[in-house]
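Open the model in your viewer and keep the selection box ready. We will go stop by stop.

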Number of protein chains: 4
Amino acid sequence: MNESKIVYKKVSLRSPILIVGLPGIGNVGNLAAQYLVQKLNAKEFATLYSPHFPYIVIATPDGSFRLVSNRFYYYKNKKLSHDLVILIGDYQPASSEGQYEVNDKIVRFFKSLGGKEVYTLGGYSTEDRYVPNPRVFGVTKSKAMHEKLEKAGVVFNIAPSLSIVGAAGMVLAFADEQHMQVACIMGETGMLEVDANSAKSVLEVLSKLLGLDIDLKDMNNLQKETEKFIKELEQASKSAQHEEFPNYIK
Amino acid sequence: MNESKIVYKKVSLRSPILIVGLPGIGNVGNLAAQYLVQKLNAKEFATLYSPHFPYIVIATPDGSFRLVSNRFYYYKNKKLSHDLVILIGDYQPASSEGQYEVNDKIVRFFKSLGGKEVYTLGGYSTEDRYVPNPRVFGVTKSKAMHEKLEKAGVVFNIAPSLSIVGAAGMVLAFADEQHMQVACIMGETGMLEVDANSAKSVLEVLSKLLGLDIDLKDMNNLQKETEKFIKELEQASKSAQHEEFPNYIK
Amino acid sequence: MNESKIVYKKVSLRSPILIVGLPGIGNVGNLAAQYLVQKLNAKEFATLYSPHFPYIVIATPDGSFRLVSNRFYYYKNKKLSHDLVILIGDYQPASSEGQYEVNDKIVRFFKSLGGKEVYTLGGYSTEDRYVPNPRVFGVTKSKAMHEKLEKAGVVFNIAPSLSIVGAAGMVLAFADEQHMQVACIMGETGMLEVDANSAKSVLEVLSKLLGLDIDLKDMNNLQKETEKFIKELEQASKSAQHEEFPNYIK
Amino acid sequence: MNESKIVYKKVSLRSPILIVGLPGIGNVGNLAAQYLVQKLNAKEFATLYSPHFPYIVIATPDGSFRLVSNRFYYYKNKKLSHDLVILIGDYQPASSEGQYEVNDKIVRFFKSLGGKEVYTLGGYSTEDRYVPNPRVFGVTKSKAMHEKLEKAGVVFNIAPSLSIVGAAGMVLAFADEQHMQVACIMGETGMLEVDANSAKSVLEVLSKLLGLDIDLKDMNNLQKETEKFIKELEQASKSAQHEEFPNYIK
């Protein structure tokens with residue numbers, strides 16, 4: 001396996017909108033997107049494997065296993081003018097070369113589905129403390145999108161200059177290159193490892209943007225669930241770190 | 001040499017079963033597989049070289065040398081319904097890209113031999129102390145294999161979530177993708193660098209699974225042998241670490 | 001995106017001269033080249049993207065964004081015998097493979113524009129203190145260029161042996177391989193992160209070499225501007241460093 | 001430049017013998033080979049460039065420069081039954097992939113010259129102190145070569161197991177794969193950065209093996225020369241380390 005690949009089932013989607021929520025700052029984007037998948041009961045239809053992901057197989061509690069991946073889900077609802085595609089995953093690539101290759105592949109796959117609009121979700125860390133009322137910051141090139149985001153409560157004019165690292169930025173750039181409407185939506189976060197509060201703020205904005213009616217009240221519940229989920233992930237990655245390889249590897 | 005390659009002699013094998021025991025946690029898998037090769041007097045028939053292995057040539061005590069590699073052995077016995085292929089080696093690749101490439105190559109080569117069943121051996125570190133009566137944990141996707149493993153004494157339902165790093169996991173995933181019957185068998189280990197006790201537990205399970213009649217009583221002997229072997233390896237890797245390269249490399 | 005690429009508008013240039021000023025020691029080359037672009041009101045006409053650059057999108061203060069890049073500007077002036085092409089950028093590649101690929105691409109692109117002469121700008125750190133009257137050191141293979149540089153005040157016979165790391169050296173070597181006239185011009189600098197004083201010295205030499213009439217008096221102004229610019233960059237890179245990735249990445 | 005390449009002048013050589021002396025432990029191999037080049041007045045005829053070498057251009061004291069490289073020299077002498085090819089260089093590749101690619105290329109190039117015999121030179125560090133009377137250790141696969149080496153004073157049966165890292169080992173393995181007669185000759189060294197004493201021992205053995213009549217008495221002179229040379233190299237690499245890159249690179 002020398003190249004990333006996407007294994008998928010064919011699904012017919014109405015000019016879908018892509019929502020990208022991969023691991024990152026405060027795990028905000030990943031949390032928000034996972035919540036969406038759960039609440040919308042979205043269906044998995046495509047899996048991205050990559051030699052740029054860690055060489056890890058995750059053993060699941062039922063005694064089975066799966067190779068680490070990024071996964072695409074779809075959600076169809078006739079009330080919405082667009083179907084949704086939601087991307088979540090275990091890891092992002094660790095190298096520049098991997099990031100450029102994988103995120104470009106994500107955009108090309110989404111384009112092949114007829115997609116023309118993308119929202120990447122992430123966290124934006126302002127300070128080293130918990131943010132009780134997180135603002136949601138935005139980045140976009142399109143005037144129309146800019147106005148739409150502002151109406152949904154997104155704040156612009158952040159810092160004089162800001163770096164968006166990883167998929168939240170790269171998918172943005174590659175989708176823009178493909179002439180899609182794109183925006184990155186970042187929840188303010190105070191360097192928590194898992195910030196459900198910030199994820200909630202991002203979901204509130206996203207619901208307005210997409211016309212979704214999502215039950216966001218039990219975010220406390222989500223917070224507990226995700227903290228449990230993250231603890232499991234941490235345990236898994238701890239056990240991964242325990243692995244002892246010959247001197248060469250360490 | 002830009003790609004991994006397998007140099008091999010043609011051998012005719014009856015729908016062989018692959019046993020993978022490469023360096024890893026507690027060196028459990030490697031020890032167990034090396035013991036198998038010795039006791040079964042298995043014959044080397046294929047060697048895997050890779051630019052993802054360290055750039056090391058091992059000088060042997062007789063004044064000769066060999067490039068680091070992974071090596072395939074076969075064992076034929078008419079009493080068994082399947083021939084065996086056993087994979088051991090000096091190192092695993094150190095990078096993600098290397099792990100995906102090499103382990104995929106291993107599975108494809110084994111498939112070309114007509115193989116349909118794979119056991120990867122490894123260690124599973126539970127705590128930072130010696131485990132006198134190591135359990136053997138398992139991971140598999142197939143119900144039939146699950147039952148077979150349980151009968152052989154394998155324990156499932158390990159931690160809520162666990163990462164299997166390297167060949168023990170990657171070969172599992174790639175062989176499963178090729179529709180093979182696969183299982184990973186991990187001996188509980190307490191972070192010893194060489195855990196012959198854990199390797200013995202793994203071999204006991206494996207003997208039952210494969211219907212092998214292996215003399216496991218002199219595992220104490222193995223323990224001594226392997227400790228000697230490992231000390232040699234350590235000396236070799238120490239001398240490797242002593243190498244002084246120009247500043248750039250360090 | 002597996003390869004570096006240059007996206008460009010066609011422009012007709014009279015046997016252009018390339019000036020390379022990318023981030024490096026004391027940011028001398030980058031400062032000098034950015035100043036040139038500003039003062040000459042040079043026009044951007046080509047952008048180099050590379051999977052060897054960091055996986056970062058820069059959010060701009062106006063709420064928009066751009067993928068990190070190197071950028072080519074041109075300057076036409078009938079008073080000069082040559083048009084100018086100026087290369088500035090956000091980053092240099094971080095790996096050897098990236099440096100060899102990207103800098104070779106830069107030279108080939110410039111050659112396709114009909115270019116035959118190259119000046120790379122950089123800093124040369126002598127000591128760990130501020131240098132009030134920085135000398136300008138030079139490196140070249142051509143006798144004619146050597147004399148020309150000496151007339152412009154460039155000092156040769158630096159240290160017994162010196163390494164020029166990154167684009168300032170690599171573009172030099174690749175352009176020389178293409179039979180271009182090349183020189184590297186380095187301003188003495190005392191390990192400041194941003195040394196506008198050294199950049200000014202480099203610009204003074206470059207102006208003489210190219211017959212440019214550039215207002216260098218308000219370098220104090222530049223110093224302030226660039227310090228502001230650099231602070232923004234630092235803030236951006238700090239925020240980039242804050243990004244939290246899963247264990248695997250850090 | 002995505003691949004290593006060898007730029008060469010055609011020379012006609014009588015079944016040449018390759019001597020490889022690249023930077024490594026105690027710089028023994030590099031010192032010995034450089035001394036040979038000097039004393040034999042061997043002629044440079046081929047240069048190997050590689051994207052796996054550091055991205056460094058070396059500025060020379062005369063104001064010129066050159067890209068880092070490995071360089072082939074030849075020596076013809078009708079008194080000898082074979083012509084010699086000597087390989088020296090600034091650096092070895094820093095990655096596994098680079099080592100496998102570059103050393104394979106070296107062997108293929110030498111094969112294209114009609115070569116069938118290779119000696120790689122290196123250091124073998126025994127302890128952390130100066131070795132006044134260094135032994136010379138050897139590694140080879142061929143019985144004939146083994147005897148030849150022993151007659152020349154080479155000691156076998158070193159440690160129970162030893163790793164030879166880098167070109168001294170890799171060229172050995174690749175040349176053996178090409179059915180050449182190969183040996184690695186290592187001077188005992190006590191972790192000096194530059195061990196001319198050990199290099200002298202290696203040269204004494206090599207002279208016997210090749211029937212060379214080299215003035216080895218002024219090795220004290222060499223020691224001084226090389227220490228000066230190394231100090232220059234160190235200065236160059238120090239200045240390289242001083243280079244300040246943007247945050248991403250460090």
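Two strands pair if DSSP finds at least two bridges between them. Strands here are DSSP runs of E with at least two residues, helices are runs of H or I with at least four residues, and both are numbered from the N terminus.

Some ground rules come next. This is a predicted model, in which local features need pLDDT of at least 70 and side-chain atom pairs count only at pLDDT 80 or more, while totals for chains, interfaces and linings use all residues. Residues are numbered from 1 along each chain as its sequence is written, and chains are lettered from A and ligands numbered from 1 in the order in which they are written.

**Stop 1: a sheet from two chains**

Select residues 56-59 of chain B. This is strand β4. Now add β10 of chain D, residues 162-165. Four bridges join β4(B) to β10(D), and the two run antiparallel. Which residue of β10(D) stands opposite B:Ile58? Click on D:Ser163 to see that partner.

Add β5 of chain B, residues 65-67. The open sheet now has its three strands, in the order β5(B)-β4(B)-β10(D), with antiparallel pairing. β5(B) and β10(D) stand at the edges. Each has a single partner strand, so one side of each is left without a neighbour in the sheet. On average, neighbouring strands of this sheet are turned by 30 degrees against each other, direction ignored.

Now show helix α4 of chain D, residues 167-177. α4(D) packs on this sheet and touches β4 and β5 of chain B together with β10 of chain D. Its direction makes about 80 degrees with that of β4(B). (Axes are lines fitted to C-alpha atoms, for helices over the stretch in contact, and angles run from 0 to 180 degrees between N-to-C directions.)

**Stop 2: the eight-stranded sheet of chain D**

Stay with α4(D). It also lies across β2, β8 (117-125) and β11 (181-189) of chain D. Against β8(D), it runs at about 150 degrees.

Widen the view to the sheet itself. Eight strands of chain D form an open sheet in the order β1-β3-β6-β7-β2-β8-β11-β9. The pairing is mixed. Which strands stand at the edges? They are β1 (5-8) and β9 (136-140), each with a single partner strand, so one side of each has no neighbour in the sheet. Here the average turn between neighbouring strands is 25 degrees, direction ignored.

Zoom in on β2(D) and β7(D), residues 84-89. Four bridges join them, and they run parallel. D:Val20 stands opposite D:Leu87 in β7(D).

**Stop 3: two asparagines with positive phi**

Select D:Asn27. It is in the loop between β2 (17-20) and α1 (28-40) of chain D. Its phi is near 55 degrees, a positive value in a residue other than glycine. Jump to C:Asn41, in the loop between α1 (28-40) and β3 (43-49) of chain C. Its phi is also positive, at about 50 degrees.

Is each one buried or exposed? A residue is buried if 20 or more other C-beta atoms lie within 10 Å of its own, exposed if 12 or fewer, and partly exposed in between, with C-beta atoms placed from the backbone. D:Asn27 counts as buried, because it has 29 C-beta neighbours inside 10 Å. C:Asn41 has 8 such neighbours, so it counts as exposed.

**Stop 4: helix α5 of chain B**

Select residues 196-210 of chain B. Helix α5 has 15 residues here. From first C-alpha to last, it reaches 20 Å, close to the 21 Å expected at 1.5 Å a residue. (The expected span is 1.5 Å times one less than the number of residues.) In α5(B), 12 of the 15 residues are buried, so the helix is largely enclosed by the rest of the structure. Among them are B:Val202, B:Leu206 and B:Leu210. Next comes B:Gly211, with a positive phi near 70 degrees.

**Stop 5: a buried strand residue**

Finish in chain A. Pick A:Ile185, in strand β11 (residues 181-189). It counts as buried, with 28 C-beta neighbours inside 10 Å. Two residues are in contact if their C-beta atoms, placed from the backbone, lie within 7 Å. Leaving out residues up to four places away in sequence, A:Ile185 touches several others, including A:Tyr119, A:Val136 and A:Leu206.
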